[in-house]
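Subject: Structure for you to look at

Dear colleague,

Here is the structure I said I would pass on. My notes follow below it.

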Amino acid sequence: MRWLTLYARSRQIPASLAAVVISAVAVWALARNGSGGPGDPRLPVLALATGTMAASIGLSGQDLALDRTAAIRWVPRRAAHVLLCGAVVGTALLTAQALGEDMATTAFVVRDSAGLMGLVALGAALSGGRHAWTLPFAWLSFSFFAPPPTSVPMRVASWMLLPPGTAAGTWTALVLAVAGTAAYAVAGPRR
């Protein structure tokens, strides 16, 4: 086997990919039924968050000690893994949208998938790959039930639901994407 095939199997990428596709199809089906209404960002954000949480299971290998003693450089591979997962999650939603239901703009999907994947990577660096999904889940839960954002701190807290082009949403997603990817690439998943 080639190293890429072994890497994909050890990181449970086939199972993660199946979960990402299933979540995108489920959101597409909900959008066809008229759930959420036009312009409501909750449904696409739910699909992106579900996809990134599914991708988080692959952020740690089967044996962390074995990963740390490998003769290959992990920093670029970890960073590429996070970026590729974010691209796959965003592409799955955009593909589901191409089937007929326009749920969100491309800028919205790119911003949120990058920020959520950075949040998952930060969760893996802080609490391990097994619990990396907890940070985006907690932030998403808060965003869904928080009062309307009228101040800058509330806009930062509810960045996932803000329209594309909003400075607080864009900068929060960018900071999360860069910080999370860098922390995970350098430190790896916590034991």
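Is Trp139 buried or partly exposed? Trp139 has a relative accessibility of 22%, so it counts as partly exposed, the cut-off for buried being under 20%. Please keep in mind that this is a predicted model.

Confidence

The mean pLDDT of the protein chain is 83, and 85% of the residues score at least 70. Among the elements of the chain, the lowest mean pLDDT, 60, belongs to helix H4 (residues 64-68), and the highest, 93, to H9.

Aromatic pairs

There are 2 aromatic pairs in the structure. One of them joins Trp133 and Phe137 edge-to-face, with 5.8 Å from centre to centre and 70° between the planes. Both residues are partly exposed: Trp133 has a relative accessible area of 36%, and Phe137 has a relative accessibility of 43%.

Trp139 and Trp159 also form a pair; their ring centres are 6.3 Å apart and their planes stand at 85°, so this pair is edge-to-face. It links distant parts of the chain, 20 residues apart: Trp139 lies in helix H7 (residues 134-145), while Trp159 lies in the loop between helix H8 (152-157) and helix H9 (167-187). In contrast to the partly exposed Trp139, Trp159 is buried, with a relative accessible area of 0%.

Nonpolar cores

Trp159 also appears in the largest nonpolar core, which has 28 residues. The members that touch the most others are Val27, Val45, Leu48, Leu93, Leu116, Trp159 and Met160. At least two residues of this core come from each of helix H2 (13-32), helix H3 (42-55), helix H5 (74-98), helix H6 (106-127) and H9. H3 gives the largest share, 7 residues.

Apart from neighbours within four places in sequence, Val27 has contacts with Leu43, Ala47, Leu93 and Met103. A second core, separate from the one above, has 10 residues, including Val82, Cys85, Met117 and Ala124.

Helix H3

How many of the 14 residues of H3 are buried? The count is 11, so H3 is largely enclosed by the rest of the structure. Among them are Leu43, Pro44, Val45, Ala47 and Leu48, and the list also includes Gly51 and Thr52. The buried residues of H3 pack against H2, H5, H6 and H7. From its first C-alpha to its last, H3 reaches 20 Å, close to the 20 Å expected at 1.5 Å a residue.

Helix H7

H7 has 12 residues, which should span 16 Å at 1.5 Å a residue; the C-alpha atoms at its ends are 17 Å apart, which agrees. Pro136, Leu140 and Ser143 are buried in H7. These three cover an arc of only 60° around the axis, so they sit on the same side of H7. In an α-helix there are 3.6 residues a turn, so residues three or four places apart point the same way. The buried residues of H7 pack against H3, H6 and H8.

Arg78

Arg78 is in helix H5. With a relative accessibility of 8%, Arg78 counts as buried. Which residues is Arg78 in contact with, leaving aside its neighbours within four places in sequence? They are Tyr184, Ala185, Val186, Ala187, Gly188 and Pro189.

Regards

Technical notes: Residues are numbered from 1 along each chain as its sequence is written. This is a predicted model: local features need pLDDT of at least 70, side-chain atom pairs count only at pLDDT 80 or more; totals for chains, interfaces and linings use all residues. Side-chain values use heavy atoms; hydrogens and water are left out. Rings of Phe, Tyr and Trp (its six-membered ring) pair if their centres lie within 6.5 Å; planes under 30 degrees apart count as stacked, over 60 as edge-to-face and the rest as tilted. Buried means under 20% relative accessible area, exposed over 50%, partly exposed in between (1.4 Å probe, protein chains only). Helices (H or I, at least four residues) and strands (E, at least two) are DSSP runs, numbered from the N terminus. pLDDT is the predictor's confidence in each residue, from 0 to 100. A nonpolar core is a set of buried Ala, Val, Leu, Ile, Met, Phe, Trp, Tyr and Cys residues joined through side-chain atoms within 4.5 Å. Contact means heavy atoms within 4.5 Å. The expected span of a helix is 1.5 Å times one less than its number of residues. The arc is that of the directions from the helix axis to the C-beta atoms.
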